[in-house]
Amino acid sequence: MSAEIENSPVPQQEAATLPFLTTSLDAVINWGRSNSLWPFPFATACCAIEFMSLMSARYDFARFGTEFMRFTPRQSDLLMIMGTVTYKQAPILRRIYEQMSAPRWVIAVGACASSGGFYDSYCTVPGIDHIIPVDVFIAGCPPRPEAYIEAAVQLQEKIKDESFLTERLARLRDRGEDLPS
Ligand code: SF4
């Protein structure tokens with residue numbers, strides 16, 4: 001029996017049966033982050049129609065904690081790009097991404113957002129990863145709502161592997177803070 005339980009004001013027998021669990025700070029933070037993603041829909045074309053289905057009761061995207069749609073980037077941490085992005089829109093998309101609260105994640109929905117789709121033209125960006133970092137790509141033209149759900153699950157798995165403390169230390173070091181190694 002540990003010293004804490006021996007010295008506890010709770011009688012020893014009772015203390016030994018108290019329920020408890022151990023975990024890490026990263027596990028708790030990642031659990032919260034991955035189950036409360038607030039999406040910002042950047043919808044420029046037909047993939048957004050499937051997104052409307054996804055948000056309906058039939059597909060129930062709320063199961064993943066992702067139904068709280070925000071139309072301001074400052075309140076969002078998940079950017080979903082649905083549709084073709086032109087070079088004229090590229091700076092706007094980049095600005096929206098930079099205005100989002102950190103940490104933030106990006107899903108490229110469908111062929112157009114992921115690769116420019118069939119628009120082999122001078123004005124279409126051949127994939128939004130030329131402008132901003134992308135966490136998950138969804139294939140299809142258009143992808144079905146089930147593909148959106150699969151992407152959300154993949155993103156949740158990815159978030160669960162992240163480390164809050166490592167990120168924070170890296171950010172402080174970038175700012176030039178003198179930290180112990
Ligand atoms: S991938 Fe297909 S459905 Fe989606 S925006 Fe492009 S053309 Fe439309």
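Where does Asp60 lie? Asp60 is in the loop between α4 (47–54) and β2 (78–82). The structure is a predicted model.

## Backbone at Asp60

Asp60 is not a glycine, yet its phi is positive, at about 55 degrees. The residue has 13 C-beta neighbours inside 10 Å and counts as partly exposed, because that class lies between the limits of 12 or fewer for exposed and 20 or more for buried.

## Ligand shell

The residues that surround the ligand are Ala45, Cys46, Cys47, Gly83, Thr84, Gly110, Ala111, Cys112, Gly117, Cys141 and Pro142. Helix α6 (residues 110–115) supplies the largest share of this shell, with three residues.

By residue class, the shell holds seven nonpolar and four polar residues. No charged residue is part of the shell around the ligand.

## Cis peptide bonds

One cis peptide bond involves two members of the ligand shell, Cys141 and Pro142. Omega for this bond is about -5 degrees. Pro142 is placed in the loop between β4 (136–138) and α7 (145–160).

Another cis peptide bond joins Ala102 to Pro103, with omega at about 0 degrees. Here the proline, Pro103, belongs to the loop that runs between α5 (90–99) and β3.

## Ala108 in strand β3

Strand β3 (residues 105–109) contains Ala108. Is Ala108 buried or exposed? Ala108 has 26 other C-beta atoms within 10 Å and is therefore buried, since 20 or more such atoms are required for that class.

With neighbours within four places in sequence left aside, the contacts of Ala108 are Ile81, Ala113, Ser114, Ile128, Val134, Phe137 and Ile138. Several elements already named appear among these contacts: Ile81 falls in the range of β2 (78–82), Ala113 and Ser114 in that of α6 (residues 110–115), and Phe137 and Ile138 in that of β4 (136–138). Between Ala108 and Asp135, which are 27 residues apart along the chain, the C-alpha separation is 8.0 Å.

## Helix α8 and Gly176

Helix α8 covers residues 164–174. How many of its eleven residues are buried? The number is zero, so helix α8 lies largely in the open. Just after α8 comes Gly176, where phi is positive at about 90 degrees. Positive phi thus appears at Gly176 and also at Asp60, which is not a glycine.

Technical notes. Residues are numbered from 1 along each chain as its sequence is written. This is a predicted model: local features need pLDDT of at least 70, side-chain atom pairs count only at pLDDT 80 or more; totals for chains, interfaces and linings use all residues. A residue is near a molecule or strand if its C-beta atom, placed from the backbone, lies within 6 Å of it. Helices (H or I, at least four residues) and strands (E, at least two) are DSSP runs, numbered from the N terminus. Ala, Val, Leu, Ile, Met, Phe, Trp, Tyr, Cys and Pro count as nonpolar, Asp, Glu, Lys and Arg as charged, and the others, Gly among them, as polar. Two residues are in contact if their C-beta atoms, placed from the backbone, lie within 7 Å.
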